Amino acid sequence: MDHYVITYDVGTSGVKTCLYRIAEALTLAGSAMEGYDLSILENGGAEQNPSDWWKAMGKTTARVLAEPHIPAESIKGISFCAQMQGLVLVDRQGEPVRMAMSYMDQRAKKEHREGVMHGLQIAGVNIFKLLQSLAITRAVPASVKDPVWKYKWVQRNEPELFQNVYKWLDVKEYLLCKCTGEFVMTEDSAYATLLYDAREGKKAFSPRLCKLFGVNLGHLPRVVPCAEMVGQLTAEAAAELQLAEGTPVFGGGGDASLIGVGAGAVEEGDTHIYFGTSGWVSTVVKKQVLDVTNMIASIVGASPKSYQYFSELETAGKCLEWVKNHLALDEIGIYLEKKHISESRESVYRSLYDYMMHAIKDIPAGSNGVIFTPWLHGNRSPFEDANARGLFFNISIETGKTEMIHAVLEGICYHLRWQLEAQDLKISTSRTIRFVGGGAISPKTCQILADVLGREIETVADPQNAGAVGAAIIAAVGLGLIGKVEDAKALVQLQAKYTPNPVNKATYDTYFRVFKSLYKNNKRAFGALNGPALHVAKSILVSEPNIPVDQRTTSL
């Protein structure tokens, strides 16, 4: 008997809703995408409107059910995969008290500095707080982008709003509340607050850590396993989503938890790389490992039997979006009439990204000397620096846009190699790596990654849907259709394999050494241009009524 489930993959730029049929295999029966804005503020903030996520869910659900003509009553469950480490503060009715703060938000520099960067330190963190955090969570909120500092920023800067807070939720948890009326966090989201004690026999938010960092324990919700049924779809939510009232709603997981499941990287030692809006390197481990120096921690995943040793790159695909908007659109010639390439009868390419990959197909390894650093919104690992930014290094008079576009792909792959090598300092990563996300659609990118890493790369069918596949597997576990998360390996089908080119690898080895030197050599300059002193100067300018200033908020 076939069972249908709906999954909502809630990303930074949009919601992708997928309809899966679960029988002997997992089959995609339909999908739809709806985008929304991310607002970047001048003070380092990054915000989204939670109602945009919910509206996008409603629009895409209607489209997904209409295509194969599946009645709402046939949906046996819904599940989520979502961006993590956001902050959605809600009142007792589950309504946000302010805009949601994205994982990219880095405005809480003062709170972060006062919270952990004082007194006797190890790796830039107060030793007293470091040791207590490590003892309880095997991690520490050492990044300005960690959710606790966002929470403290609101507490300090918006006290009139903060007094209305009932619960602290993440992105997915807000949507679970909208669906069921329940205030919960799945265990992986709870751990991502870095206030959750995941040790056997504990499994709860730590009162000790909450006191240490000044967090109201009452603001933190009930914690549930990823595959648990949180509740049933309420009548109001069912009407807005055009689904049946009472449909089971499962916790799902964060993108860092479920994309590896969707990649089939679920056994100890399995490494996968994700290349979406953000990026990361993640390896399955059986016990928690921490590298404070390289900012790598073992996070709680979707399976209760393992952890993900996780190293994040803040902007990966976002760099390609920047390239599309600022390098490709105005010269490559695809948008001469300001219309999408897919609307042009003359074009044989499906999208501008496809054309970009075609345009750079003959650029040699090393991009004729150009190196790009993918730190467009700061960086987390293997170094933490909210002030770091992108560079095009070694441009010459012969350099063209095709070399620069090619260098962007290589720069992302160089950084992923840096993270992979940092992981190998503590654990053994896999020699064959699963590669997923939108970046894995392009054979050009896959081959560059194989050459830069010097390892075999495997891709899966529909790699851009890996998170949705992971969410569907969670629903299947919750419904009792499969036994455990680890069964995902048998359900995920391989698409292609890429073997390193030794000639290109030799070139990339040389360029990689230069790439790593660029941060060290420019760290002080990044701080001078993007640090707190510059924000103060901008604030002084803004306070002068006769001096025109740029619009503060930019929609991406």
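The exercises below deal with salt bridges and the largest pocket of a predicted model.

Residues are numbered from 1 along each chain as its sequence is written, and side-chain values use heavy atoms, with hydrogens and water left out. Because the model is predicted, local features need pLDDT of at least 70 and side-chain atom pairs count only at pLDDT 80 or more, whereas totals for chains, interfaces and linings use all residues.

**Exercise 1.** Determine how Glu47 and Arg107 are paired, and whether each is buried or exposed.

Solution. Start from the criterion for a salt bridge, namely a side-chain nitrogen of Lys or Arg within 4 Å of a carboxyl oxygen of Asp or Glu; by this rule the count comes to 27 salt bridges. The side chains of Glu47 and Arg107 form one, at 2.8 Å from N to O. Next, place the partners: Glu47 belongs to strand β5 (residues 46-48), while Arg107 sits in the loop between β8 (100-101) and α2 (109-116), 60 residues apart, where helices (H or I, at least four residues) and strands (E, at least two) are DSSP runs numbered from the N terminus. Then turn to accessibility, for which buried means under 20% relative accessible area, exposed over 50% and partly exposed in between (1.4 Å probe, protein chains only). Glu47 is buried at 10%, and Arg107 is buried at 8%. Finally, a network of salt bridges links Glu47 and Arg107 with Arg98, Asp105 and Glu158.

**Exercise 2.** Establish which parts of the chain are tied together by the salt bridge of Arg380 with Glu314.

Solution. The closest N and O atoms of this pair are 3.8 Å apart. Arg380 lies in the loop between β24 (371-373) and β25 (391-393), and Glu314 in the loop between β23 (307-313) and α11 (317-328), so the pair ties together parts that are 66 residues apart in sequence. As for accessibility, Arg380 is buried at 8%, and Glu314 is buried at 0%.

**Exercise 3.** Describe the accessibility of Lys484 and Asp487, whose side chains meet in a salt bridge.

Solution. The N to O distance in this pair is 3.0 Å. Lys484 is partly exposed, with a relative accessibility of 37%, and Asp487 is likewise partly exposed, at 27%.

**Exercise 4.** Identify which residues are closest to the centre of the largest pocket.

Solution. Of the 44 lining residues, Ser13, Thr277, Tyr353, Gly438 and Gln464 are the closest to the centre of the largest pocket.

Note on methods. On a 1 Å grid over the protein atoms alone, a cavity is a set of points where a 1.4 Å probe fits but cannot get out, and a pocket is an open set with protein on both sides within 12 Å along at least five of seven lines; lining residues have an atom within 4 Å of a point.
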